[in-house]
Amino acid sequence: MKDKEKRSGEFEAALIALNRLEVARLLTDESDERDVMLRVEQDVVPAMERLGRLWEGGKVSLSQVYMSGRICEEVVLRLLPQHSTPSGGGVRTALAVLEDRHMLGKRMVAASLTASGHPFFDYGSTDADTLVSRIESDGVDLLLVSTLMLNSALRVRKVREGLDRLKRPVRIVVGGAPFRLEPELWRETGADAMCRNASEVVSIVESFSRGDQR
Amino acid sequence: MKRAGSMTSMERVMAALSLKEPDRVPWFPLLTTTGARELGLTIKEYFSKGVNVAEGQLRMRAKYGHDCLYAFFYASAEVEAWGGETTYSDDGPPNCGIPPLSSSEEILSLHPPLVRESPSLLKTLDAIGIMKADIGDEVPILSVVISPFSLPAMQMGLESYIELLCERPELFARLMEINEEFAVEWARAQIEAGSTAIIYFDPISSPTIIPRELYLKTGFPVARRTISKIGGTAAMHFASGRCIPILEDVLKTGVGAVSAGCEEDLGELKRLAAGKIALVGNFNGLEMRRWSPTRAEEEVKKVLAVAAPGGGFILSDSHGEIPWLVTDEVLHATGEAVRKWGSYPLGWLS
């Protein structure tokens with residue numbers, strides 16, 4: 001069995017080269033004794049997180065991160081049984097774009113969640129009132145919001161106010177260009193946390209699942 | 001507007017583009033929606049007629065004393081010409097609605113729209129004509145074309161476009177042929193209407209979005225062909241994206257200036273660009289929303305200290321649009337600071 005570092009390096013290289021076949025081969029390697037879920041946890045999730053950090057540092061481009069996420073999403077969908085929406089216990093998560101048609105960020109977050117085996121409600125592009133109403137009816141605990149424009153980002157405040165009127169706590173995690181370029185903006189909107197890249201969402205969802213305070 | 005011994009805005013900007021030191025650093029607050037506030041109109045009403053935008057631009061220049069008129073309405077005005085839609089809000093720029101291309105295969109039957117038959121573009125030409133008649137050659141009028149390479153992010157959505165770019169080279173090539181034809185006609189129409197320079201908006205070419213290896217095969221040749229066919233003065237703008245890794249390539253596209261991303265080391269960029277290309281930048285427009293007048297002055301001094309020495313520099317934001325929420329007070333203070341600290345020679349630096 002290959003050592004962890006070598007395997008991880010090969011997997012990341014295949015992703016950056018957008019080599020679907022190699023990614024699939026590495027994840028289905030018969031000489032690998034780990035079960036599929038462990039391969040996803042140990043290879044896919046760290047590689048996506050590292051690519052996200054490299055993008056923040058200007059070392060790789062958004063197109064590479066996006067396509068890597070899509071490839072991981074496709075391969076993992078073939079390997080693992082999928083639950084596209086939450087069922088049963090655990091933190092019920094939802095993902096939405098707020099008042100915008102720019103869907104790339106949401107798509108990247110969706111790929112990261114799917115590739116790491118986290119179910120979620122996908123609300124697409126929606127407005128603040130509709131979002132609050134769907135969160136209430138689906139019993140969502142954690143809302144992930146993607147935005148591109150500043151005025152859309154500021155609408156998160158309206159979502160926060162709507163959720164505060166519900167009689168139970170709902171956490172909001174935001175992401176997208178306005179929050180990355182103005183690091184204090186997420187606090188102004190009343191969000192509980194922000195992600196600087198799409199893959200960071202996985203560790204945030206897991207920390208909320210453990211009940212950590214952000 | 002011209003004081004004895006000082007340059008006109010046009011002379012000042014042309015000196016900077018010639019990589020020289022003008023009388024002072026030119027100041028380009030790229031104001032769009034702010035004009036609606038100036039005229040007391042909603043943003044939707046403001047952009048409904050060219051005369052509104054022309055009036056807004058002229059009034060704002062009289063108020064803030066900056067060095068350009070900006071004929072850019074909003075990005076999705078170009079997509080409207082392709083059958084796309086625009087959505088409006090009361091506190092931000094108009095935004096793209098559903099992209100006009102719902103599948104990549106539609107590229108095969110796509111044809112470029114004609115400028116003369118596109119109401120959203122004709123409004124811009126009206127605005128340019130009115131501004132030119134008023135201001136003559138005293139102040140440069142800046143126009144925008146979205147690059148043929150970046151337009152598909154709005155024509156089909158960025159996620160679909162990245163997939164096309166990475167996996168469908170033949171359809172990508174066909175789309176570029178169509179988009180280049182449109183971009184050249186659109187840019188030339190704006191120059192004929194009275195624009196001084198074309199800002200070639202190409203955010204997808206930034207290394208923030210695609211790797212340099214892919215840029216050299218895609219956005220770069222598209223830019224070279226398109227900018228050469230447009231002719232005239234052009235600047236490359238990456239809408240906040242980084243440019244340092246591709247600066248040497250940008251020099252070969254035929255532009256005279258390049259925008260600096262707000263996350264880049266402006267000093268490093270100045271060192272690389274000195275004597276080769278003028279720099280425009282690099283305020284973070286989102287942060288400007290929080291500035292006080294004192295902070296505005298500090299930020300102006302900080303940017304001037306690294307990028308203004310030797311000339312070839314125009315102070316601006318890095319995104320190509322000052323947000324609606326940036327206050328008059330900050331815009332005034334920024335202009336005052338440029339006039340106070342941006343006059344050559346920059347004695348205060350020594």
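**Exercise 1. In this predicted model, work out which elements of chain B touch chain A, and what kind of residues they bring.**

Step 1. Start with the head count: the contact takes in 26 residues of chain B and 20 residues of chain A. Here, a contact means C-beta atoms, placed from the backbone, within 7 Å.

Step 2. Now look for elements of chain B that put in two or more residues. You'll find strand S4 (95-96), helix H8 (158-167) and helix H14 (285-288) of chain B. H8(B) has the largest share, with five residues.

Step 3. Sort chain B's side by chemistry. It splits into 14 nonpolar, eight polar and four charged residues.

**Exercise 2. Find the two domains of chain A and describe the side of domain 1 that touches domain 2.**

Step 1. Mark the bounds: domain 1 of chain A covers 4-79, and domain 2 covers 93-209. Their C-alpha centres sit 25 Å apart.

Step 2. Check how they meet. On the domain 1 side 19 residues take part, and they contact 14 residues of domain 2 of chain A.

Step 3. Ask which elements of domain 1 give two or more residues to that side. They are helix H3 (36-56) and helix H4 (62-79) of chain A. H3(A) gives the most, at 11 residues.

Step 4. Finish with the chemistry: this side of domain 1 of chain A has 12 nonpolar residues, two polar ones and five charged ones.

**Exercise 3. Trace the five-stranded sheet of chain A and explain why one side of S2 and of S5 has no neighbour in the sheet.**

Step 1. Write down the strand order. The sheet is open and runs S2-S1-S3-S4-S5 (chain A), with parallel pairing.

Step 2. Go to the ends of that order. Strand S2 (121-126) and strand S5 (193-195) of chain A are the edge strands, and each has a single partner, so one side of each has no neighbour in the sheet. From one strand to the next, the twist averages 25°.

Step 3. Zoom in on one pair. Strand S1 (residues 93-98) and strand S3 (residues 142-146) of chain A are joined in the parallel sense over five bridges. In this pair, A:Leu95 is opposite A:Leu144 in S3(A).

Step 4. Add the helices. Helix H6 (residues 128-138) of chain A packs on the sheet and touches S1, S2 and S3 of chain A; its direction is at about 165° to that of S2(A). Helix H11 (residues 200-209) of chain A lies across S1, S3, strand S4 (171-175) and S5 of chain A, and H11 runs at about 150° to S5(A).

Technical notes
Residues numbered from 1 in each chain as written. Chains lettered and ligands numbered in written order. Predicted model: local features only at pLDDT ≥ 70, side-chain atom pairs only at ≥ 80, totals over all residues. Domains from an automatic or database assignment. Contact = placed C-beta atoms within 7 Å. Helix = DSSP H or I, 4+ residues; strand = E, 2+ residues; numbered from the N terminus. Nonpolar A, V, L, I, M, F, W, Y, C, P; charged D, E, K, R; others polar. Pairing = 2+ DSSP bridges. Axes fitted to C-alpha atoms, helices over the stretch in contact; angles between N-to-C directions.
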